[in-house]
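This report covers helix packing, backbone geometry, the ligand shell and model confidence. The structure comes first.

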Amino acid sequence: MAVAGKNGGARRGCFITLEGGEGAGKSTQARMLAERLSLRGLECVTTREPGGSPHAEELRAVLLSGAVASLGPMAEALLFAAARVDHLDHTIRPALARGAYVICDRFADSTRAYQGALGNIDPRLILALEAVTVGATRPDLTLMLDLPAEVGLARARARRGGGATDRFESEGVEFHRGLRSSFLDIAAGEPSRCFVIDASGTPAGIAESIWVVVERRLLAPRPPGGSFKSTAAKPADGRRDDVRQDPQNQQDPQERVKA
Ligand code: TYD
């Protein structure tokens with residue numbers, strides 16, 4: 001494992017994560033966003049969690065099979081974290097170091113919501129685990145795809161056809177309602193990073209909403225003299241703190257982009 005921040009010194013790319021409940025359409029949106037960024041000549045890497053590197057994909061199979069569920073949410077959180085360390089070291093950090101846009105379908109907010117909030121693990125523990133695993137490689141932008149739990153579950157069911165549900169899909173609707181509010185709480189707590197997207201519309205409409213956010217927050221030209229820059233010390237990994245500190249980029253937690 002790379003020590004947190006050790007590989008981050010050369011970070012030049014941009015890290016975007018998509019989060020949300022089941023059936024929110026994250027993977028479709030990740031693909032559509034990558035296509036659109038690629039048209040601008042930007043290198044994009046689409047990846048996912050759990051998984052995204054060979055060893056992490058092996059852990060994904062174990063986690064989604066439900067084999068670890070009986071050990072409890074803490075064991076699950078540790079395994080998700082182990083997969084994340086491998087993913088960061090072998091996929092995410094190398095791509096960011098060469099200047100790519102990394103678009104990741106789920107990341108650490110999923111651990112906060114699924115294992116932390118719903119698994120009743122002390123949030124301080126979850127954040128400590130996150131600090132050790134993620135270090136300075138935090139997302140520049142997190143798109144929270146939001147829709148009612150019932151709608152998401154129905155979509156996930158339709159997508160699966162007759163196939164078996166995985167470990168988390170098979171939880172009841174109350175679990176998924178709790179999940180939705182956990183993601184909304186995370187977004188409200190970090191408005192400079194997170195942006196809630198109404199995911200109840202069509203894929204094309206949702207993609208358009210996402211593009212508005214990405215253009216405004218990540219692609220818009222900096223004003224002359226880079227006055228968006230924070231006077232705060234630059235983070236150790238040299239990440240795009242201009243994006244994070246721009247007051248115009250702050251989302252009103254109540255504001256939602258309509259698809
Ligand atoms: P996946 O098939 O990728 O689901 P989705 O299409 O909803 O993203 O399965 C990933 C599952 O793993 C999903 O139910 C959420 C769960 N998960 C966690 O519980 N903790 C985590 O840290 C991550 C990354 C995922």
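## Helix 3 against helix 4

Helix 3 and helix 4 run roughly antiparallel to each other, a label that therefore rests on their angle (under 35 degrees counts as roughly parallel, over 145 as roughly antiparallel, 65 to 115 as roughly perpendicular and the rest as oblique). The angle is about 175°, and the axes lie 10 Å apart. Axes here are lines fitted to C-alpha atoms, for helices over the stretch in contact, and angles run from 0 to 180 degrees between N-to-C directions. Helices (H or I, at least four residues) and strands (E, at least two) are DSSP runs, numbered from the N terminus.

Helix 3 contributes Pro73, Glu76, Ala77, Phe80, Ala81 and Arg84 to this contact, and helix 4 contributes Ala108, Thr111 and Gln115. Two residues are in contact if their C-beta atoms, placed from the backbone, lie within 7 Å. By class, the contact of helix 3 with helix 4 has five nonpolar, two polar and two charged residues. Ala, Val, Leu, Ile, Met, Phe, Trp, Tyr, Cys and Pro count as nonpolar, Asp, Glu, Lys and Arg as charged, and the others, Gly among them, as polar.

## Basis of the model

The model is predicted; local features need pLDDT of at least 70, side-chain atom pairs count only at pLDDT 80 or more, and totals for chains, interfaces and linings use all residues. Residues are numbered from 1 along each chain as its sequence is written.

## Helix 3 against helix 2

Helix 2 (residues 54-65) packs on helix 3 (residues 73-97) at about 160°, with the axes 8 Å apart. That angle makes helix 2 roughly antiparallel to helix 3. The crossing is left-handed (the near helix is turned anticlockwise from the far one by less than a right angle; right-handed if clockwise).

From helix 2, the residues His55, Ala56, Leu59, Arg60 and Leu63 meet Glu76, Leu79, Phe80, Ala82, Ala83, Asp86 and His87 of helix 3. Seven residues of the contact of helix 2 with helix 3 are nonpolar, two polar and three charged.

## Helix 3 against helix 5

Helix 5 (residues 123-134) packs on helix 3 at about 20°, with the axes 10 Å apart. The two helices are therefore roughly parallel to each other. Helix 3 passes helix 5 in a right-handed crossing.

Ala77, Ala81, Arg84 and Val85 of helix 3 make this contact with Ile126, Leu129 and Thr133 of helix 5. By class, the contact of helix 3 with helix 5 has five nonpolar residues, one polar and one charged.

## Backbone exceptions

Most residues other than glycine have a negative phi, and most peptide bonds are trans. Two places depart from this. The peptide bond from Glu49 to Pro50 is cis, with omega near -10°. Pro50 sits in the loop between strand 2 (44-48) and helix 2. Arg106 has a positive phi, near 75°. Its place is in the loop between strand 3 (101-105) and helix 4.

## Ligand shell

Which residues are closest to the ligand? They are Glu49, Ser110, Thr111, Tyr114 and Phe168, out of 14 that surround the ligand (near means a C-beta atom, placed from the backbone, within 6 Å). Helix 4 (residues 108-117) supplies the largest share of this shell, four residues. By class, the shell has five nonpolar, three polar and six charged residues.

## Confidence

The protein chain averages a pLDDT (the predictor's confidence in each residue, from 0 to 100) of 85. A score of at least 70 is reached by 81% of the residues. Over residues 1-9, pLDDT stays under 50, and the model has 22 contacts beyond four places in sequence for them. Over residues 226-250, pLDDT also stays under 50, with 40 such contacts.
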